[in-house]
Amino acid sequence: METVHPRVLGYLGRALSLELSAVQQYMTQASLLALWGDAASADRFRQETVEEMQHAERLVQQMLRLGVAPAASQLKPVSTARDLIGLLRLNIVLEDELIQHYAEANRFCLLVGDQANAQFFHDLWQEEAQHGEELEAWVQDLAGLERSRSSQRVTF
């Protein structure tokens with residue numbers, strides 16, 4: 001087994017906690033959307049659940065390669081809202097936390113000369129950044145639809 005800076009292991013553990021928190025949140029919100037009758041959004045959230053679970057699996061595999069037992073220290077509580085836009089905004093906050101975490105982990109790995117883990121965190125950072133942009137675009141699309149609908153209403 002290669003020697004890894006203890007702080008890198010800490011970044012991996014925290015990342016696993018955040019990814020599993022995202023799995024829990026998206027899964028719960030998918031069920032909530034299904035209850036609201038929004039099957040299309042529920043399906044999209046289920047896909048998000050799968051993507052976050054794949055990230056968690058990659059983290060577990062990386063930890064095992066480094067010779068440490070995977071352990072998620074603490075899951076964040078699930079956040080819910082009254083509508084889809086509210087759910088998306090909460091998810092953007094969670095995704096931003098992941099993006100910042102991966103960026104910080106990448107910077108630290110580069111600082112200590114751990115190129116392999118730097119690349120690992122960089123790849124996850126890029127995927128989460130893309131995901132965050134997609135969520136932002138979804139919110140913008142929904143907000144545009146709401147503005148369009150409200151401008152079409154006739155008031156007397």
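**Three helices and how they pack**

Hi everyone. The crossing of H1 and H2 is left-handed. By class, 18 nonpolar, 6 polar and 4 charged residues make up that contact of H1 with H2. One caution before I go on: what we are looking at is a predicted model.

Let me stay with this pair for a moment. Helix H1 covers residues 6–35, and its axis lies 8 Å from that of H2, at an angle of about 160 degrees. Angles over 145 degrees count as roughly antiparallel, and H1 and H2 are therefore roughly antiparallel to each other.

H1 itself has 30 residues, and from its first C-alpha to its last it reaches 44 Å, close to the 44 Å expected at 1.5 Å a residue. After H1 comes Gly37, with a positive phi near 85 degrees.

Now to a single residue, Val60, which sits in helix H2. Is Val60 buried or exposed? Its relative accessibility is 26%, so Val60 counts as partly exposed. Leaving aside residues up to four places away in sequence, Val60 touches Leu16 and Pro70. Gly13 is 47 residues away from Val60 in sequence, yet the two C-alpha atoms are 8.9 Å apart in space.

On to the other pair, H2 and H3. H2 takes in residues 39–65 and H3 residues 84–111; their axes come within 13 Å and cross at roughly 15 degrees. That makes H2 roughly parallel to H3, since angles under 35 degrees fall in that class. Here, too, we have a left-handed crossing, as H2 passes H3.

Which residues in H2 meet H3? They are Ser41, Phe45, Glu52 and Leu59. On the H3 side, the partners are Leu84, Leu87, Leu88, Asn91, Glu95, Leu98 and Tyr102. Sorted by class, this contact of H2 with H3 has 7 nonpolar, 2 polar and 2 charged residues.

For those of you who like a sanity check on geometry, here is one for H3. With 28 residues at 1.5 Å a residue, H3 should span 40 Å, and its end C-alpha atoms are indeed 40 Å apart, so the two values agree. Following H3 is Gly113, and its phi is positive as well, near 80 degrees.

So, to pull the picture together: H2 is roughly antiparallel to H1 and roughly parallel to H3. The axes of H1 and H2 are 8 Å apart, while those of H2 and H3 come within 13 Å. Thanks for listening, and I'm happy to take questions.

Note on methods. Residues are numbered from 1 along each chain as its sequence is written. This is a predicted model: local features need pLDDT of at least 70, side-chain atom pairs count only at pLDDT 80 or more; totals for chains, interfaces and linings use all residues. Side-chain values use heavy atoms; hydrogens and water are left out. Axes are lines fitted to C-alpha atoms, for helices over the stretch in contact, and angles run from 0 to 180 degrees between N-to-C directions. Helices (H or I, at least four residues) and strands (E, at least two) are DSSP runs, numbered from the N terminus. Angles under 35 degrees count as roughly parallel, over 145 as roughly antiparallel, 65 to 115 as roughly perpendicular and the rest as oblique. A crossing is left-handed if the near helix is turned anticlockwise from the far one by less than a right angle, and right-handed if clockwise. Contact means heavy atoms within 4.5 Å. Ala, Val, Leu, Ile, Met, Phe, Trp, Tyr, Cys and Pro count as nonpolar, Asp, Glu, Lys and Arg as charged, and the others, Gly among them, as polar. The expected span of a helix is 1.5 Å times one less than its number of residues. Buried means under 20% relative accessible area, exposed over 50%, partly exposed in between (1.4 Å probe, protein chains only).
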